[in-house]
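Hi everyone, thanks for coming. I'd like to walk you through one structure today, so please have a look at it while I talk.

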Amino acid sequence: MINSSKRYTILTWGCQMNEHDSEKMSGILESLGYINTDKKEEADLIILNTCLVRENAEFKVYGNLGELKALKRENPDLIIAICGCMMQKKEIRDIIKEKYKFVDIIFGTHNIHKLPELIANHNQHTRMIIDVWEDAGNIVEGIPAKRKYGFKAFVNIMYGCNNFCSYCIVPYTRGREKSREPEDIVNEIKNLADEGFKEVTLLGQNVNSYGKSLDSKITFADLLYLINDIDGIERIRFMTSHPKDLSDELIYAIKKCNKVCEHIHLPFQAGSNKILKLMNRKYTKEQYLELVKKIKDEIPNISLTTDIIVGFPGETEEDFMETIDIVKKAEFDSAFTFLYSIREGTPAAKMENQIPEEIKHKRLKKLLDVLNPISHDKNSQLLNTVQEVLVEETSKTDSTILSGRTRTSKLVHFEGDTDLIGKIVKVKINNTKTWTLEGTITNGE
Ligand code: SAH
Ligand code: SF4
Ligand code: F3S
């Protein structure tokens with residue numbers, strides 16, 4: 001039995017999948033009697049949950065490891081564990097073995113449920129324990145999660161990815177696509193509703209292909225209808241949608257299901273058909289724009305966000321201008337923009353005509369100069385409207401200012417009392433900025 005006074009901290013990089021994995025690890029550790037701490041100096045166990053999607057995510061982890069070495073010297077009983085996507089790569093595990101010998105436990109993305117065993121084994125042995133699985137095997141259900149908020153929750157609906165976009169490391173770190181059984185998802189969300197949760201975000205690398213790995217014929221649209229019927233849940237979100245799989249049936253379901261929020265994150269990555277082909281994205285610029293038009297025609301108040309990569313190998317100035325063209329035509333509410341980052345082991349890493357860093361930076365700046373005024377303009381259209389907002393937290397600098405999100409996932413700041421946190425309120429928007437909205441709580445329409 002682990003002493004109940006032991007403390008843990010988890011540092012997390014990467015996407016919502018990783019954030020939710022960290023919530024599960026917290027759940028597991030607290031069921032063992034561990035107590036959470038924010039202070040690394042106080043911790044008996046520090047876990048680094050890593051991301052490999054771009055080079056800078058990797059650098060941050062090595063930076064942190066340097067710092068942890070000093071802590072370990074001061075407190076030799078400290079257990080340091082590293083997991084997450086970086087650990088799925090043998091070359092990186094070898095670097096850790098070679099250069100960071102003070103690390104105690106290495107595990108991967110497929111076996112976080114083994115954490116109690118790994119810690120117990122470590123307490124018996126002093127050598128570095130390495131346990132990384134190449135693929136997931138069966139989905140493990142019933143891992144307790146200690147969620148960050150008490151009113152909104154991440155729910156995995158599927159794991160892994162089969163798409164192999166040529167730049168992307170995720171299919172190698174998360175394995176093949178596997179959907180959870182609909183009953184398991186619905187039961188988890190029913191339990192969340194019983195505990196008072198109001199919002200769920202359904203997670204998958206490509207939620208639109210939900211169900212393909214199951215024996216039953218269920219689609220993502222069917223799943224939305226099932227979840228929409230769960231009493232107590234008031235908002236349903238989902239991430240991410242691959243444009244190649246977004247069906248008419250799904251657009252209709254989003255429109256019909258009153259709890260499904262009016263927001264689609266629909267990464268297009270690049271505008272030129274030549275680059276889209278090299279990226280293995282399986283749609284053209286024209287098909288993407290057609291899809292955007294269809295979505296906006298069906299759901300006029302939809303908020304549309306996206307991911308864009310600049311400087312993919314072989315991207316010419318003309319290719320890049322096609323990206324700018326999509327941005328102007330689709331009028332995104334906001335976008336995540338990335339400089340292409342070489343990921344060893346992916347097909348794009350071996351492509352010729354890699355783009356020099358200074359050109360990537362110039363293109364990124366040009367892209368932001370087009371994107372930002374559009375985001376600002378989209379937000380200004382909400383001036384004087386009344387928005388439904390789920391109150392999330394107080395401002396870090398001023399405890400009388402609350403923040404929350406609209407159904408369209410826009411961040412709103414307004415004055416209010418802290419007991420509104422976790423509740424849905426109406427806010428009249430009276431100031432709009434590029435990234436945020438400001439307003440006042442109102443009772444009327
Ligand atoms: N499954 C999701 C997102 C996965 S990663 C999807 O397909 O939309 C999140 C984003 O990181 C991607 O959408 C892409 O824009 C970006 N990304 C992935 N690999 C990258 C790389 N090698 N260089 C730069 N950006 C990358
Ligand atoms: Fe990566 Fe493409 Fe899969 Fe998204 S769909 S995780 S970008 S391979
Ligand atoms: Fe990063 Fe792994 Fe997510 S590589 S983006 S943490 S799936």
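**A ligand shell, a pocket and two cores**

Let's begin with ligand 2: its shell is made up of seven nonpolar, three polar and one charged residues. Please keep in mind that this is a predicted model. Which residues surround ligand 2? Going along the chain, we meet C161, N163, F164, C165, Y167, C168, V170 and P171, and further on Q205, H242 and R281.

Next, the second largest pocket. It holds about 370 Å³ of space. Its lining counts 17 residues, and those nearest the centre are I143, P144, A145, R147 and E188. Two elements each give two or more residues to that lining, namely α1 (16-31) and α6 (182-194). Which of them gives the largest share? That would be α6, with three residues. By class, the lining of this pocket has seven nonpolar, four polar and six charged residues.

Now for the inside of the protein. The largest nonpolar core contains 69 residues, and L202, F220 and L224 have the most contacts within it. Let me pick out F220 for you. Leaving aside residues up to four places away in sequence, F220 touches I157, L202, V207, N208, Y210, F238 and L250. So you can see L202 on that list of partners, and L202 is also among the residues with the most contacts in the core. There is a second core as well, separate from that one, with 27 residues, including L71, L78, C85 and M86.

That's my tour, and I'm happy to go back to any part of it.

Key: Residues numbered from 1 in each chain as written. Chains lettered and ligands numbered in written order. Predicted model: local features only at pLDDT ≥ 70, side-chain atom pairs only at ≥ 80, totals over all residues. Heavy atoms only, no water. Core = buried A, V, L, I, M, F, W, Y, C linked by side-chain atoms within 4.5 Å. Buried < 20%, exposed > 50% of the residue type's maximum accessible area, 1.4 Å probe, protein only. Contact = heavy atoms within 4.5 Å. Near = heavy atom within 4 Å. Nonpolar A, V, L, I, M, F, W, Y, C, P; charged D, E, K, R; others polar. 1 Å grid on protein atoms, 1.4 Å probe; cavity = no way out; pocket = protein on both sides within 12 Å on 5 of 7 lines; lining within 4 Å. Points joined across faces, edges and corners; volume = space filled by probe spheres on them. Helix = DSSP H or I, 4+ residues; strand = E, 2+ residues; numbered from the N terminus.
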